[in-house]
Each structure stands twice: as structure tokens, then as C-alpha cells.
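Let's take a walk through this structure together, moving from strand pairing to disulfides and then to aromatic rings. Have the sequence and the 3D view ready.

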Amino acid sequence: MRRSVALRLYAALATMALAGATGVVMSIPDASAATGGVTGYASQNGGTTGGAGGATVKATTGTAIHAALCARASSSTPITIQVEGTITVGNTGKVSGSSCNTADGVIELKQISNVTIIGVGSGAVFDQIGIHVRESSNIIIQNVTVQNVKKSGSPTSNGGDAIGMESSVHNVWVDHVSLLASGGEDQGYDSLIDLKNNTKYVTLSYSTLRNSGRGGLVGSSDSDLDSTFVTYHHNLYENIDSRTPLLRGGTAHTYDNYFVGLTKSGINSRAGAHVKVENNYFKNSQDVLGTFYTDLTGYWQVAGNTFDNVTWTAAGTENHPAGPNPQSNTTVSIPYSYSLDPAGCVPAVVTQTAGANKGLQVSNGNCTPQTQTPTPTPTQSTPTSQPTTPTQSPTQPSGTNLSLGAGADGSSKASGTSYGNVRDGDMGTYWSPAGSTGSISIKWDTATAVSRINIREAAGSAGAIGSWRVVNADTGAVLASGSGAGSPLTFTRTSLRKITFEITGSTGSPKVAEYETYAG
């Protein structure tokens, strides 16, 4: 039930617990969550630190999030709000106070600054409720899922946007979030992330955007041209009709993103917008770059991108695709340092790192995921247009898991299991054969060099796999054989399109959670 809660706490009460009915627990100033790793344009203009240096608050309802904002000494007092559980319109009420300006039925970050919202524990899901940032600055939103936010039907929230920013917003970092809808306008949804009316210095990184008619925009109309300086990197756009993003005026930088299944159009630079598009991977999509639905053209600089089964429509009135052979028509200077992954590994590294509940992993700039660590408060970086590569942090096993983004098939599977579960990066899902033996394969569209695999058994089934064989499915040659699957299996480096792991003996029911493949 929605309710308006009048609540105001003084800063001296920051070490006390709020009433359980609000779902808030406040602790001593300690927050370090989400303070490290800010990248892109959000690192400029003084940097983005969110709630670093302030109190840490735990919240399990939307009302609790609002209460935490309203409990601060002022609207700029730093705070980190750790969210766990499901946030809904029903458990999000307006809370009043001099340090906040909230509303029913939406997470309202209005006229505030220095705030971090981060999902913790079992995860934070904002279900059918959007996050609205207005007249605010220095905001971090990290490790949360926002899903099925509608502008029509019931319930409605935030104009149908999963995340929306408008009216003099600056320095916002949205990182490791999962944004998804279940259709387009006809189904009541609008956009996954929109930036409007003088929104600047924003980065969207390591996030997934899925199953929506619209990915997002910068500028709400062809007269709203003052939103600018936005970075998009290491994001997955999947099954989106258009706007990945739509840019009106301003400057944007999009690199190392994985675009798959864009059905109408992709990056739509129009009304004088400038965008640098580099080392992205576009797959099974149409018109992934250009100016669309208008003759007010925009500009792009392209470098290092991969176009895999991309189709292009013919140029015409209000339709100006960059392809079929995209060429730069401008240059875009980037003022910050950044690390570029080669486009060829982008599907794998993005699949493994992007989205909520992925351990906040990032790429090391050399196609290898690593866990990011907090860094000192960011300062203005030395302007440069050249990417840099940080020192690699070793992971076990090392290298890129080639299975991520690949295909999978196998022998008959047990009810409720899936071939695709073995290459989704999720240890909570698995494939199991219909009996005590069976086979599971990883496959690629082109020949891929492999010299090592790692079979990770699902929780509770470790040791169930007995004897096994690794087979080059292209030729039938046995690459390796043995018993037990508890450690990486190595063999002579082989170039192939399909590699099969055959379970020839087992005890109990073998369950393969992840079938990882590596080049070296």
C-alpha cells in the first residue's frame, strides 16, 4: 500500500536503526562501495564519487530508500544506500524532509547530490518501478536490475523509463545494471535509459539492455540539444528495436559494446550530434549506425568495429545509414584515458562482465575479466585521445573464456536443463544428460583455436563425472581422455568449430554448470 511518510532525522542519529517498518538500517560513516573504477565522461568535470565518505544505509523497500535520503543533514550530505530485495510501486511511498524531494511510485533522486545506490547480498530488483534523476549531481547507480517499467497499463512509473535523467543533471555513473522490458510502446513500455534537458557527464558501463523497443536517447526532441558528454562502454544491447542510443546534438563515445539483434536501427546520430564509435561488435542487426527518421544529420567517427551479419537499408529521405561500408565523416576528441578491448573478444568479455550480480567484474583492456577495486577519489584526468592499457591482474584460469557468446548443443538433456546454461557465465544453471552418460558441445561460426577446457560441475554434484573424452567434433579425433573433471583439461592446441565433452561414466547425476574453453 502506498503511503506518505513524514520523516526527518538529524545527522546525530546516523548510527541508530530506523524503524523496521521502513526497512532501513543506518550505520556509522564508512561507505567505500562503488567509489572506484569510474570511467568515461563521468570521470570528468570534477569526477563522480557518489556517496563516498558518507554513511552507509541498507534498504529493502522504496520507501526506505526515500527515508534514507530524507534523513541526511542536507541534500548534499554523502550517503551510500545498499539495496537488497525487490522494490515495487507498492512499497515505495513519498517521504518528506528538507534534504529530499521524493514521490510515490518512483525512486525519486531529485534536487540532491552525492548519492550511491548499489545492490548487495542476494541482489536488488526494481520491478515495474523506475529510477528518476532530476536536477541532481554526483550520483552512482550500480549492480541493480530495473525491469518492466510501464507508461501505460498498470502499474505505471517514471513515464515508462527504467532510468531517466532530466533538467540540469550532471556527473552520473550507471554501472553493472540490468535494464529490461518485455516489449515496446504497444505493450506499454518506453525506454531503458533516457537523458534529457541539459544532462551531462554521464557514463553507462558494463550493463545489459534487453527486450525493448527503445534502448535510450540523449535529447528528447530536435530542439533539446544541450545534453552532452556521454560514454557507453562494455554494454550488451540485445533484442532492441532502435535507439542504442539516439543522439540529438552533443558528443558521445561508444566503445567495446556488443550489439546483437537490433531489428530497426542502432546508433542514431542526428541533429548535429557527434559520436566516436570504436571497437564495438555488431551482430545479426540492421542499420546499426547512421541518421534515421530525419534529414537533420549527425556525425560519426568509426574505428575497429566488427559488423557480423549486419544488413543496411537504402539511403533516402529521412534515412541515412552509414553502411554498407561505414566511414568517418568527422573526428571526435576524447578528453579522458581509456582501455580498448579488440572488437573480436567483445562478445565474450561483455557477456561475462556486463549486468547486475556479475561480481562487478571489468575487463583489464586485454580481453580478460578482473574484479575492480576501489580507488582514491577520482580527479580530473590528463586529456588524451589515446587509449591506455592497465597492468593485467591474473585470474584462474587465465585468458578469455571462448564459450561466452558461442553456441552449444549436445545429446539428450534432462528435463529442466539447457545446453545454453553451460556457456552463460552463471554457476546457478546447468546442463545434465538424460541418463548417466552424454555429451555437451561448444561451437563457433568460424574455426577457433582451443588448447584447454574447464568443466565446472554444479553445486552439490562435484565428483559425479567419472570417465570422459574431449573430441574434435569436426573430425572425430579424441583430443584428451581421463576421469574426474575437477581441474582444467589441456591438450594440443587445435583449430576447430565444435568441441565436445563426452561423459562416458558417472556416479549419480552429472551436472555441468559451465563448459569453459580457452586458447592457451
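Val 470 stands opposite Phe 501, a residue of strand E35. In this predicted model, the strand that brings about the pairing with E35 here is E33, residues 467-472, and the two run in the antiparallel sense over five bridges. Strand E35 covers residues 489-503 and also pairs with strand E32, residues 438-457, again in the antiparallel sense, over 11 bridges. If you would like a single contact to look at in that second pairing, try Lys 443, whose bridge partner in E35 is Lys 498.

While you are in E32, which spans residues 438-457, have a look at Arg 452. Its charged end sits over the ring of Tyr 518, 4.8 Å from the ring centre.

Now let's turn to the cysteines. A disulfide is a covalent bond between the sulfur atoms of two cysteines. How many disulfides does a search of the whole structure find? There are two, and with the bonded cysteines numbered in sequence order, the pairing reads 1-2, 3-4.

One of these disulfides joins Cys 70 to Cys 100, with an S to S distance of 1.9 Å. The torsion about its S-S bond is about 100 degrees, so this disulfide is right-handed. It links distant parts of the chain: Cys 70 belongs to helix H1, residues 62-70, while Cys 100 lies in the loop between strand E5 (95-96) and strand E6 (107-110), 30 residues apart. Are these two cysteines buried or exposed? Cys 70 counts as buried because its relative accessibility is 0%, and Cys 100 is buried as well, with a relative accessible area of 13%.

The other disulfide is formed by Cys 345 and Cys 367, whose sulfur atoms are 2.1 Å apart. Here the value about the S-S bond is -80 degrees, and the link is left-handed. Distant parts of the chain are linked here too: Cys 345 is in the loop between E28 and H2, and Cys 367 is in the loop between strand E29 (361-363) and strand E30 (369-371), 22 residues apart. Cys 345 is buried, with a relative accessible area of 11%, and Cys 367 counts as buried at 10% relative accessibility.

The loop between E28 and H2 also leads us to the aromatic rings. A pair of aromatic rings is described by the distance of the centres and the angle of the planes. The count for this model comes to 13 aromatic pairs. One of them is the tilted pair of Tyr 255 and Tyr 338, at 5.0 Å centre to centre and 45 degrees between the planes. Tyr 255 sits in strand E20 (residues 251-255) and Tyr 338 in the loop between strand E28 (319-321) and helix H2 (346-353), so that pair links parts of the chain 83 residues apart. Tyr 255 counts as buried at 3% relative accessibility, and Tyr 338 does so at 4%.

Another pair is made by Tyr 258 and Tyr 281, which meet edge-to-face, at 5.9 Å centre to centre and 80 degrees between the planes. Tyr 258 is in strand E21 (residues 258-262) and Tyr 281 in strand E24 (residues 281-286), 23 residues apart. Both Tyr 258 and Tyr 281 are buried.

To finish, go back to Tyr 255 and Tyr 338: together with Tyr 41, Tyr 201, Phe 229 and Tyr 336, they form one aromatic cluster.

Conventions
Residues numbered from 1 in each chain as written. Predicted model: local features only at pLDDT ≥ 70, side-chain atom pairs only at ≥ 80, totals over all residues. Heavy atoms only, no water. Phe/Tyr/Trp six-rings, centres within 6.5 Å; stacked < 30°, edge-to-face > 60°. Helix = DSSP H or I, 4+ residues; strand = E, 2+ residues; numbered from the N terminus. Buried < 20%, exposed > 50% of the residue type's maximum accessible area, 1.4 Å probe, protein only. Lys NZ or Arg CZ within 6 Å of the ring centre and 35° of its normal. Pairing = 2+ DSSP bridges. Disulfide = S-S within 2.5 Å.
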